[in-house]
Amino acid sequence: MPSILGFGLGLFLCSMVLHVAIWRCFPIRNQPFRLALLFLALPAAIVLICLAAPSSWRLIPGWPWAAWGLGYLLDLSVSLSYVLLYTGLTSFSPSIAILERVEASMPQGLPREKLVPYWFTHERLAGARHDNLVGSRLVADSGAVLQLQPRGRFIARCFLIFRRFLGLPDLAQG
Amino acid sequence: MHESSALSLLLLLLAAPLAICIIQAALTRLCRPLGLLIAPQLLVLGTVLAGNVPMVWLAWRLAFSELAGDRVAIACGVALVVLTYNTLGVCYFCMLNLSETSLHVHILMDLLISGPMPVDELAARYGVGEMIEVRIERMIALGQLQSQGEYFVVRNTGLLVIGRIIHLWRKLLGLPLKPA
């Protein structure tokens, strides 16, 4: 058990050290691809190499394949959590910005008209999303009318099925 | 560790997100007739946290009992199960939160339900005013903000602490610290 825990955490630590080093040393671009490579592909490759290696070469001999699976699942779950939370790290959260503004004016607080941060504009919100969706070909903008593309329709349907299964309204309040 | 024990643990952990999803669906349907309005995010957080107890119990029954009093092995096994289960819970929470709060997903689902939409209508429907209203209501529902007369005050500093951690992490990675 200690070796499985150590293996899983070690895989994640390797990815994290490389992530910090690459982000600090090289220009930040194509982040989703780099994150997928570091946190998903690299550990999977290490596990596959360990499994394929002759047993006499293995660092940890005598593990059943399910033990490798447990170690990799630990790394995968921690890595996926980090990758999913990374979006919140790079895009500035309006909720946090609102709370920071209110905290700065405590104990009195802030009236509603002063809650909005200066960068909370249409261009940064719906405008930026529109550009992203059209750019990633999830939505087509033909003649100033937005229409779902097959990939966008598939993603929307997956979320719709998920929300209906949970018993939530089709469209969240936002 | 025996292969059958490791396999049982692996299957138990892989089934956890599905179990969380089924329990959330049941609780959502149970809460509605009782008139309990709990934000879906809070319901999931509660479900994941409460799920630690049955997960550790099941892991004990399936695998740890065979470790025969080896305390280090048992402690590491519990740490492995708790860490994996809770991070899988975080992944599930992120998926749910995406369907609740992501503007990208909201626009995609709006287009699926309402059909093609003129760009002007998108700008009107997702105007800054409407979005700030919805966000403030959600922050009140999640216990982050509180209205006191005409003023708003901080009710729970949890998100502010997260904001400070994010700020430090951005510094470490060399990311911009303020929006352009």
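How many bridges join β1(A) to β3(B), and in which sense do the two strands run? Two bridges do the job, and the strands run antiparallel. Here strands are DSSP runs of E with at least two residues, helices are DSSP runs of H or I with at least four, and both are numbered from the N terminus. Two strands count as paired if DSSP finds at least two bridges between them.

A word on the model itself. It is predicted, so to speak of a local feature takes a pLDDT of at least 70 and side-chain atom pairs count only at pLDDT 80 or more, while totals for chains, interfaces and linings use all residues. Residues are numbered from 1 along each chain as its sequence is written, and chains are lettered from A and ligands numbered from 1 in the order in which they are written.

Now for the two chains. Chain A has six helices and three strands, and read along the sequence they follow the pattern α-α-α-α-β-α-β-β-α. Its radius of gyration is 22 Å, well over the 16 Å that the globule rule gives for 174 residues, so chain A is more spread out than a compact globule. (That radius is taken over C-alpha atoms, and the rule is 2.2 Å times the number of residues to the power 0.38.) The C-alpha trace of chain A spans about 70 × 50 × 40 Å along its principal axes. Of its 174 residues, 28% are buried; a residue is buried if 20 or more other C-beta atoms, placed from the backbone, lie within 10 Å of its own, exposed if 12 or fewer, and partly exposed in between.

Chain B has seven helices and three strands, running α-α-α-α-β-α-α-β-β-α from the N terminus. Its radius of gyration is 21 Å, whereas a compact globule of 180 residues would come out near 16 Å. The C-alpha trace of chain B spans about 65 × 40 × 35 Å along its principal axes, and 25% of the 180 residues count as buried. Looking at contacts (C-beta atoms, placed from the backbone, within 7 Å) with a separation of 6 or more, residues 24 or more positions apart account for 59% in chain B and for 43% in chain A.

Next, the place where the chains touch. On this interface, 76 residues of chain A are in contact with 73 residues of chain B. The largest share of the chain A side, 14 residues, comes from α3(A). Sorted by class, that side has 50 nonpolar, 16 polar and 10 charged residues. For the sorting, Ala, Val, Leu, Ile, Met, Phe, Trp, Tyr, Cys and Pro are nonpolar, Asp, Glu, Lys and Arg are charged, and the others, Gly among them, are polar.

One helix pair that spans the chains is α1(A) with α3 of chain B (residues 71-101), which pack at an angle of about 35 degrees with their axes 8 Å apart. (Axes are lines fitted to C-alpha atoms, for helices over the stretch in contact, and angles run from 0 to 180 degrees between N-to-C directions.) In this pair A:P2, A:I4 and A:L5 meet B:V72, B:A73, B:C76, B:A79 and B:L80. By class, the contact has eight nonpolar, no polar and no charged residues.

Back to the strands. The opening pair belongs to an open, antiparallel sheet of three strands in the order β1(A)-β3(B)-β2(B). Its edge strands are β1(A) and β2(B), each pairing on one side only. Across the chains, A:L110 has B:F152 as its bridge partner. Within chain B, four bridges join β2(B) to β3(B), with B:Q146 partnered by B:V153. These two strands form a hairpin with two residues between them, and B:G149 in the turn has a positive phi of about 65 degrees. In a regular strand the side chains alternate between the two faces of the sheet. In β3(B), B:F152 and B:V154 are on the covered face, with B:Y151 and B:V153 on the uncovered one. The helix α4(A) lies across the three strands β1(A), β2(B) and β3(B), running at about 100 degrees to β3(B).

A second open sheet has three strands in the order β2(A)-β3(A)-β1(B), again antiparallel. Here β2(A) and β1(B) stand at the edges, each with a single partner strand, so one side of each is left without a neighbour in the sheet. Four bridges link β2(A) and β3(A), including the one between A:A140 and A:Q147. Two bridges link β3(A) to β1(B), where A:L146 is partnered by B:M117.

Notes
Contact = placed C-beta atoms within 7 Å.
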